[in-house]
Amino acid sequence: PTKSLPLTLILAATPSLGIGHANALPWPQLRKEMAYFARVTKRVSAPPAVTATASGTIADTRRVVNAVVMGRKTWDSIPEKFRPLKGRVNVVVTRGVGDEKWSALQRSEEGPVVVGSVGEAVESLSSGGFNAQILASSQLGIEKVFVIGGASIYKAALEGPEARRVLLTKIGKEFECDTFFPVDLEKDEGWRRGSKDELERVVGEEVPGEMEEKGVTFEFCLFERYE
Ligand code: FOL
């Protein structure tokens, strides 16, 4: 039997829930917002320590990491020099799992892992099979699983019971968008907004109030599903 693995969705959205335009983010690059995404998706609760050996102490190589699950279009939207996203197990969901373009990438040590659905992503990350097949050589354990988009992947994740939390960055103004987050968390009965304390506990760092970059304001928020 496979243990269910909680999923955290992470995204930034405009007031009308726009998340993308022309296969890119709708807003000018917001470095502090992107840095928050990178820190939060990388952070694991147990900090890497040192290991005692016969010849002294050595720095522990990190063996516990988080995973990021994304759709094929989101993978394409990440600049080549940043993908796979460093320090995280990358899982790409595509209908073209068997396509030639993925096979060479999959054979390389850093992945990405390529699967056919969000369900398969969860399955492969939660079953021991994932570790055995993909990660045995590096003895990697997965701590948290983040769903990083886009719209169809968020929608599929929200349809399952594993989607427990959403880390939403509310962008303060509108930009032209052609892709939207599928649920209005403020209006949906099934979701409650978490407090600043709860958010800080979830992300493992202090969060500021409203931020501003390039004349765009934004705010980091947490939503949790009712039991
Ligand atoms: N969530 C939030 N809060 N903001 C986002 O911009 C965001 N973007 C995506 C998913 N969730 C998000 C999907 N798009 C990179 C690029 C696009 C992207 C996600 C990640 C990326 O290149 N990330 C690098 C950081 C690069 C940098 O520091 O500029 C990474 O290492 O995470």
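**Questions about a predicted model**

Modeller: Let's start in strand 8, where Val-147 is the bridge partner of Leu-9. The model is a predicted one, in which local features need pLDDT of at least 70 and side-chain atom pairs count only at pLDDT 80 or more, while totals for chains, interfaces and linings use all residues. Residues are numbered from 1 along each chain as its sequence is written, and side-chain values use heavy atoms, with hydrogens and water left out.

Colleague: What makes strand 1 and strand 8 a pair?

Modeller: Two strands pair if DSSP finds at least two bridges between them; a strand here is a DSSP run of E with at least two residues, a helix is a run of H or I with at least four, and both are numbered from the N terminus. Strand 1 (residues 7–13) and strand 8 (residues 141–147) have three bridges, in the parallel sense, so they meet that rule.

Colleague: Which way do strand 5 and strand 8 run, and how many bridges join them?

Modeller: Strand 5 (residues 64–71) runs parallel to strand 8, with five bridges. One example is Val-65, whose bridge partner in strand 8 is Ile-142.

Colleague: How is strand 9 placed against strand 1, and how against strand 13?

Modeller: Strand 9 and strand 1 are parallel, with seven bridges, and Thr-8 has Arg-165 of strand 9 as its bridge partner. Strand 9 and strand 13 run antiparallel, joined by seven bridges; there, Ile-171 stands opposite Phe-218 of strand 13.

Colleague: Why is the pair of Trp-27 and Phe-175 called edge-to-face?

Modeller: A search of the whole structure finds five aromatic pairs. Trp-27 and Phe-175 are one of them, at 6.4 Å centre to centre and 65° between the planes. Trp-27 sits in the loop between strand 2 (18–20) and helix 1 (31–42), and Phe-175 in the loop between strand 9 (163–171) and strand 10 (179–180), so their pairing ties together parts that are 148 residues apart in sequence. As for the name, rings of Phe, Tyr and Trp (its six-membered ring) pair if their centres lie within 6.5 Å, and planes under 30 degrees apart count as stacked, over 60 as edge-to-face and the rest as tilted. An angle of 65° is over 60 degrees, so edge-to-face is the right word.

Colleague: How do you know that Trp-27 is buried?

Modeller: Buried means under 20% relative accessible area, exposed means over 50%, and partly exposed is in between (1.4 Å probe, protein chains only). Trp-27 has 8%, so it counts as buried.

Colleague: Why is the pair of Tyr-36 and Phe-220 called stacked?

Modeller: Their ring centres are 3.6 Å apart and their planes are at 15°, so the pair is stacked. Tyr-36 belongs to helix 1 and Phe-220 to strand 13 (residues 216–225), which puts the partners 184 residues apart. Both Tyr-36 and Phe-220 are buried, and together with Phe-218 these two form one aromatic cluster.

Colleague: How many disulfides does the structure hold, and how do you know?

Modeller: Zero. A disulfide here is a pair of cysteine sulfur atoms within 2.5 Å, so the count says that no pair meets that limit. Among the cysteines, Cys-221 is buried because its relative accessible area is 2%, and Cys-177 counts as buried at 15%.

Colleague: Leu-17 and Asn-23 both deserve a look; how exposed or buried is Leu-17, and how exposed or buried is Asn-23?

Modeller: Leu-17 has 18%, so it is buried. Asn-23 has 43%, so it is partly exposed. Leu-17 is in the loop between strand 1 and strand 2 and has a positive phi of about 70° although it is not a glycine. Asn-23 also is not a glycine, yet its phi is positive, at about 55°.

Colleague: What makes the link between Glu-205 and Arg-39 a polar contact?

Modeller: Their side chains are joined at 2.7 Å. A polar contact is a pair of N or O atoms within 3.5 Å; within protein, one must be able to donate a hydrogen and the other to accept it, and residues adjacent in sequence count only if both atoms are side-chain atoms. Glu-205 itself is buried, because its relative accessible area is 15%.

Colleague: And which atoms does the ligand face at Glu-33 and at Arg-88?

Modeller: A ligand nitrogen atom is 2.6 Å from an N or O atom in the side chain of Glu-33. At Arg-88, a ligand oxygen atom is 2.7 Å from an N or O atom in the side chain.
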